[in-house]
Amino acid sequence: MEKAKILIVEDEEDILELIRYNVAKDRYQVITAQSGEEALQKVSSIKPDLILLDLMLPGVDGMEICRRIKGNPATQNIPVIMLTAKSEETDIVIGLELGADDYITKPFSPRVLLARVKAVLRRQPVNESDEMLNIVKYEDLVIDKDRFEVTAGDQRVELTATEFQLLLLMINRPGWVFNRTQIVDAVRGEDYPVTDRSVDVHITSLRKKLGASGQLIETVRGVGYRIKDQR
Ligand code: CA
């Protein structure tokens with residue numbers, strides 16, 4: 001397999017150098033950009049497999065870059081990991097809403113950085129025809145987004161519109177914890193309005209309908225729910 005191309009966008013030379021060194025050592029192909037303009041130009045000309053994006057950049061900032069990448073059908077599938085300071089919590093939330101795939105707060109250890117890079121690359125759809133057909137596969141579950149169908153093992157599962165959206169939301173990000181508010185915002189019940197409390201009811205029903213695969217849905221006490229990361 002060809003080496004994944006990673007675009008590092010960072011204006012501070014020493015941090016850029018540190019990331020470049022570690023990413024290249026792990027045998028990825030490295031491309032760098034030190035300004036927002038340069039980053040956008042390289043995203044469209046090189047089509048990297050993943051972007052490590054510093055948010056605080058002179059000129060076009062990281063948030064705007066993220067917005068443009070995720071807003072353009074030609075580039076929206078390129079995963080973006082934001083590099084942020086801890087104090088930029090609002091930016092992190094906005095970035096994730098814009099479609100960023102993950103974030104790392106500075107200072108970070110190279111090992112954590114590389115682990116995140118690997119995890120995000122693994123999450124990418126491998127099978128292009130599945131992607132074109134709008135099919136999501138995870139463990140024993142197959143979700144056909146166009147046909148609105150779910151199978152668990154070889155069993156067809158009949159879900160309500162809300163349960164379907166709920167499953168799709170979580171399965172796109174295994175391991176990621178969704179709190180009830182995020183779920184309510186994302187799911188917007190079509191059968192009846194989803195509220196904080198009804199989220200639990202939908203989850204219970206979804207688990208039951210998925211049979212053995214229902215155990216993939218984990219409760220994170222006091223926080224929310226996630227799909228077990230099996231990969
Ligand atoms: Ca910076």
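Here is a chat between a biologist and a modeller about this predicted model.

Biologist: What makes Asp 11, Glu 12, Asp 54 and Met 56 donors of the calcium ion?

Modeller: For calcium, a donor is an N, O or S atom within 3.2 Å. Asp 11 and Asp 54 offer OD atoms, Glu 12 offers OE and Met 56 offers O, at 2.1 to 2.9 Å. Those distances fit the cut-off, so they count as donors. Along the chain, their spacing reads D-E-x41-D-x1-M.

Biologist: Why do you say that the pair Glu 12 and Met 56 ties parts together?

Modeller: Glu 12 sits in the loop between β1 (5–9) and α1 (13–25), while Met 56 sits in the loop between β3 (50–54) and α3 (62–71), so the pair links parts 44 residues apart in sequence.

Biologist: Why is Glu 12 called partly exposed, and why does Met 56 count as exposed?

Modeller: Exposed means over 50% relative accessible area, buried means under 20%, and partly exposed is in between. Glu 12 has 37%, so it lands in between. Met 56 has 53%, so it passes the exposed cut-off.

Biologist: How do you know that helix α7 is mostly covered?

Modeller: Just look at the count: 9 of the 11 residues in α7 (residues 161–171) are buried. Among them are Phe 164, Leu 167 and Ile 171.

Biologist: What makes Leu 167 and Ile 171 stand out in the largest nonpolar core?

Modeller: They're among the residues with the most contacts inside that core, which has 28 residues. Others in that group include Ile 143 and Val 150. Helix α7 gives the largest share of this core, 6 residues.

Biologist: Which residues does Ile 143 touch, leaving aside neighbours within four places in sequence?

Modeller: Its contacts include Ile 135, Val 150, Phe 164, Leu 167 and Ile 171.

Biologist: Let's move to the sheet. Why are β10 and β11 called edge strands?

Modeller: The open sheet has 3 strands in the order β10-β12-β11, with antiparallel pairing. β10 (178–179) and β11 (217–220) each have a single partner strand, so one side of each has no neighbour in the sheet.

Biologist: How do you know that β11 and β12 pair?

Modeller: Pairing takes at least two bridges. β11 and β12 have 4 bridges, so they qualify, in the antiparallel sense. For instance, Ile 217 has Ile 227 in β12 as its bridge partner.

Biologist: What packs on the sheet?

Modeller: That's α9, which touches β11 and β12. The direction of α9 makes about 150° with that of β11.

Technical notes: Residues numbered from 1 in each chain as written. Predicted model: local features only at pLDDT ≥ 70, side-chain atom pairs only at ≥ 80, totals over all residues. Heavy atoms only, no water. Donors = N, O, S within 2.8 Å, 3.2 Å for Na, K, Ca; no water. Helix = DSSP H or I, 4+ residues; strand = E, 2+ residues; numbered from the N terminus. Buried < 20%, exposed > 50% of the residue type's maximum accessible area, 1.4 Å probe, protein only. Core = buried A, V, L, I, M, F, W, Y, C linked by side-chain atoms within 4.5 Å. Contact = heavy atoms within 4.5 Å. Axes fitted to C-alpha atoms, helices over the stretch in contact; angles between N-to-C directions.
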